[in-house]
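Here's a quick, friendly tour for anyone who hasn't met this structure before. Take a look at it first, then we'll walk through a few spots together.

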Amino acid sequence: HMVGRPAIMDIKHSEDKSHIYKVEFEVIPDFELKDYKSLVVEEPVHRVTDEEVEKSLTDLTYKMADRSAIEKIEDFDVQVVVDSFAVKDGTKEIDMEKAIDKSIPIELKNVDFKDIFLNAKVGSQLLYEYNDGKSYEYFVVKEIYKVTPATINEEFIKKVSNNKFDNIEDYKQEISFMLQKQWDDRSREELKIQVYDKLIDMHSDFNIPDALLTVAKDQLIENFKKQKIDLNNKHIQDYISSQSEKLTRIEIILNKITEKESIKVEEFDIENFIDKYYSQYFGSEVDKSPLVQHIRKDEQALASILKEKIVDFIGDQRGYPQAFLLPEYIDEKELEGKDFDLSDRDSLFNDAARLIVQNQIGSTSLLQRRMKLGYNRAGRLMDQLEAAGIVGPNQGSKARDVLIKTEMELQQHLDILG
């Protein structure tokens, strides 16, 4: 594939008015893909805890709190509004001519320098010493508000959920799903970075066409200009140079993998993309077809979807840092007494079990990605798999252990369950 603009060279004119010349152009480099299916990467896994849900709910009560003006700070359930000033050179005296910032709202319970505000009043001038012991700043208190957190009741739940919920347990579950989504998105981004870095390390032996490098550099420069970043800074220039090469190299590698594996964007990929990035803007009853049609024509969105599919493809087939161990014998009696109701088993239970055993990853996010499930259902499936003795218990930030090592062993296990 030719890239960039061809250059005409060595033009020669003959007597019969014909012309002889050379055309030079760059092409996408031809290279051999290494064994990318055996990449050893570690998927970051986090399971949201009850403590995280409670903290999020408490933060909401402060966000919805009543605020009443007071004159003196006697505890830290207070919001203060301050102006900040520099100190006079060589002293610790306030310089009222050098304002640093104006009308800064500070929630005292959230800052580590809250102690300097205790017993302060409106008009107080408070000296803050930075950790280096050499820098100082003055806060002048303008306003003080007593913060009374909102009471958690039915009215509060309705208000913060826009009438979607009216009881605390259902709303806590919603918070848990939202937090889990944030963690899963973060984990996915970390997994993508690992896959990209390892692919680049494996395929560092081909030359990148200058035309593609120039395009990548121009895009980075344009982004930095919009952010008003100093392009004359040497660190910025070095970053642009290294990052443009990295972005271009991974683009070439991913394109080659796409061709080899015949990976393409399907209709359900677009729908999942919409659910992930646009669902907050409309309800489930809204017709999504206009947005689907729009995304089909959006090359940037399609490229983003395709890259996610490639990361999924590689991530779901990756190698493992430890040797494969022979399966251990599991006594049928060990299943007795487990909290597992066969009549209430999810219709996708067997499919989920096979997916987990095939990949040897006890990850809820794997179920979500490969089976296109929501957080709630994927979490229930994982709990059922644990109760059935297929995966181990939750291990916090690590993936669950997969207790069954082969598909043959799994089939015997499923036959036992009935």
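Is K146 buried, partly exposed or exposed? K146 turns out to be partly exposed, with a relative accessible area of 26%. Keep in mind as you read on that this is a predicted model.

## A bridge at K146

K146 has a partner: D75 forms a salt bridge with K146, and their closest N and O atoms are 2.7 Å apart. D75 sits in the loop between strand 3 (66-69) and strand 4 (78-87), while K146 belongs to strand 7 (residues 136-148), so the pair ties together parts that are 71 residues apart in sequence. Like its partner, D75 is partly exposed, and its own relative accessible area is 30%.

## More salt bridges

How many salt bridges does the structure hold? The count is 25. One of them joins D30 and K256, with the closest N and O atoms 3.2 Å apart. Here D30 lies in the loop between strand 2 and helix 1 (50-63) and K256 lies in helix 5, so this pair ties together parts that are 226 residues apart in sequence. The two ends sit in rather unlike surroundings: D30 is exposed, at 72% relative accessible area, whereas K256 counts as partly exposed at 22%.

For a bridge inside a single helix, look at R354 and D351, whose closest N and O atoms are 4.0 Å apart. They are three residues apart in helix 9 (residues 349-359), which means about one helical turn separates them. R354 is partly exposed at 28% relative accessible area, and D351 is partly exposed too, at 42%. There's also a network to spot: salt bridges link D83, K102 and K142.

## The second largest pocket

Now for some open space. The second largest pocket holds about 1,200 Å³. It is lined by 37 residues, and the closest to its centre are Y196, L247, I250, E251 and K307.

Which helices each supply at least two residues of this lining? They are helix 3 (168-202), helix 4 (210-226), helix 5 (234-261), helix 6 (267-277) and helix 8 (299-315). Helix 5 gives the largest share of the lining, with 10 residues. As for the kinds of residue around the second largest pocket, 15 are nonpolar, 14 are charged and eight are polar.

## A nonpolar patch on the surface

Head over to the start of the chain and you'll find M2, I8, I11, Y21, V23, F25 and V27, which make a nonpolar surface patch of about 690 Å². Two elements give two or more residues to this patch: strand 1 (2-13) and strand 2 (19-27). Strand 2 supplies the largest share, at four residues. I11, one of the patch members, is found in strand 1.

## One last stop: R186

Finally, swing by helix 3, where you'll find R186. This residue is partly exposed, with a relative accessible area of 43%. How far apart in space are R186 and L367, C-alpha to C-alpha? The distance is 17 Å, and the two are 181 residues apart in sequence.

Definitions and conventions. Residues are numbered from 1 along each chain as its sequence is written. This is a predicted model: local features need pLDDT of at least 70, side-chain atom pairs count only at pLDDT 80 or more; totals for chains, interfaces and linings use all residues. Side-chain values use heavy atoms; hydrogens and water are left out. On a 1 Å grid over the protein atoms alone, a cavity is a set of points where a 1.4 Å probe fits but cannot get out, and a pocket is an open set with protein on both sides within 12 Å along at least five of seven lines; lining residues have an atom within 4 Å of a point. Grid points are joined across faces, edges and corners, and a volume is the space filled by probe spheres set on the points. Ala, Val, Leu, Ile, Met, Phe, Trp, Tyr, Cys and Pro count as nonpolar, Asp, Glu, Lys and Arg as charged, and the others, Gly among them, as polar. Patches are made of residues with over 30% relative accessible area and no salt bridge: like charges are joined within 9 Å, nonpolar side chains (Val, Leu, Ile, Met, Phe, Trp, Tyr) within 5 Å. Accessible areas come from the Shrake-Rupley method with a 1.4 Å probe; for residues, only the protein chains shown count as cover. A salt bridge is a side-chain nitrogen of Lys or Arg within 4 Å of a carboxyl oxygen of Asp or Glu. Buried means under 20% relative accessible area, exposed over 50%, partly exposed in between (1.4 Å probe, protein chains only).
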